[in-house]
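These are my notes from going through one model, entry by entry. I wrote down what I looked up and what I found.

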Amino acid sequence: MVQEKYLITNDYKTASIEILVENLAALRARIGITQEELANIIGVSRQTYYSLETGKREMTWPVFLALIFVFDSVKETSEMIRELRIYPIDLLLRFNDELDSSINKSLATG
């Protein structure tokens, strides 16, 4: 059984994925990368990536996490990821429960 600390609901995943898909083309454009280049980075074919970006294929959670990692790693898109509120900040808080409660509070509202 999964500990509560590590449980991520399907609703959370679905909502986060939907927001990312809606903004995927804009995020990719901000860093000036082609679909083929981004597909290569996250380990899928260009056709698969195209289907994800156009909403013709459902994105999996591992692909979502890979894309978040890429976009968060690039200066031009990391702030946008935070503004969209799809960066799994609550996971960071859960995994680092030793964080001071004041830090938790500022991260959750920030």
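Before listing neighbours, I fix the term: I count two residues as touching when they have heavy atoms within 4.5 Å. The model I am reading is predicted.

**Entry 1: Leu 67**

I began with Leu 67, which sits in helix H4. Leaving out residues up to four places away in sequence, I found that Leu 67 touches Leu 20, Leu 24, Leu 38, Ile 42, Tyr 49 and Met 59. Is Leu 67 buried or exposed? Its relative accessible area is 0%, so I entered Leu 67 as buried, the cut-off being under 20%. I then took one of these neighbours, Leu 38, and looked up the spacing. Leu 38 and Leu 67 are 29 residues apart in sequence, and their C-alpha atoms are 8.6 Å apart in space.

**Entry 2: the whole chain**

I stepped back to the fold. How many helices and strands does the protein have? I noted seven helices and zero strands. Along the sequence the pattern reads α-α-α-α-α-α-α. The protein has 110 residues, of which 30% count as buried. I also looked at contact range: of the contacts between residues at least 6 apart in sequence, 59% join residues at least 24 apart.

**Entry 3: H2 against H4**

Leu 67 led me to the packing of its helix. I recorded an angle and a distance, because two packed helices are described by the angle between their axes and the distance between the axes. Helix H2 covers residues 35–42 and helix H4 covers residues 61–73; their axes come within 10 Å and cross at roughly 110 degrees. An angle of 65 to 115 degrees counts as roughly perpendicular, and I therefore entered H2 and H4 as roughly perpendicular to each other. The crossing of H2 past H4 is right-handed.

Which residues make the contact? From H2 I listed Leu 38, Ile 41 and Ile 42, and from H4 Val 63, Ala 66, Leu 67, Val 70 and Phe 71. By class, the contact of H2 with H4 has eight nonpolar residues, no polar and no charged.

**Entry 4: Gln 35**

Staying with H2, I looked up Gln 35, which is placed in that helix. Gln 35 has a relative accessible area of 16% and is therefore buried. Again setting aside residues up to four places away in sequence, I found that Gln 35 touches Arg 28, Arg 46, Tyr 49, Tyr 50 and Glu 53.

**Entry 5: H1 against H5**

I made the same lookup for H1 and H5. Their axes come within 8 Å and cross at roughly 150 degrees. Over 145 degrees counts as roughly antiparallel, so H1 goes down as roughly antiparallel to H5. H1 passes H5 in a right-handed crossing.

On the H1 side I listed Asn 23, Ala 26, Leu 27, Arg 30 and Ile 31; they meet Glu 76, Thr 77, Met 80 and Ile 81 of H5. The residues of this contact of H1 with H5 divide into five nonpolar, two polar and two charged.

**Entry 6: aromatic rings**

How many aromatic pairs are there? I counted two aromatic pairs, with ring centres within 6.5 Å as the rule. In one of them, the rings of Tyr 12 and Trp 61 have centres 6.2 Å apart and planes at 65 degrees, so I entered the pair as edge-to-face. It links distant parts of the chain, with Tyr 12 in helix H1 (residues 10–31) and Trp 61 in helix H4, 49 residues apart. Tyr 12 is partly exposed at 23% relative accessibility, while Trp 61 is buried at 13%.

Trp 61 also forms a stacked pair with Phe 64, at 4.7 Å centre to centre and 15 degrees between the planes. Both residues lie in helix H4, three residues apart, about one turn of the helix. Phe 64 has 0% relative accessibility and so counts as buried. I noted Tyr 12, Trp 61 and Phe 64 as a cluster linked by ring pairs.

**Entry 7: Arg 85**

Last, I checked a backbone angle. Arg 85 has phi near 60 degrees, a positive value in a residue other than glycine. Where is Arg 85 placed? I located Arg 85 in the loop between helix H5 (75–83) and helix H6 (89–95). With 60% relative accessibility, Arg 85 counts as exposed.

Note on methods: Residues numbered from 1 in each chain as written. Predicted model: local features only at pLDDT ≥ 70, side-chain atom pairs only at ≥ 80, totals over all residues. Heavy atoms only, no water. Axes fitted to C-alpha atoms, helices over the stretch in contact; angles between N-to-C directions. Helix = DSSP H or I, 4+ residues; strand = E, 2+ residues; numbered from the N terminus. Parallel < 35°, antiparallel > 145°, perpendicular 65-115°, else oblique. Left-handed = near helix turned anticlockwise from the far one by under 90°. Nonpolar A, V, L, I, M, F, W, Y, C, P; charged D, E, K, R; others polar. Buried < 20%, exposed > 50% of the residue type's maximum accessible area, 1.4 Å probe, protein only. Phe/Tyr/Trp six-rings, centres within 6.5 Å; stacked < 30°, edge-to-face > 60°.
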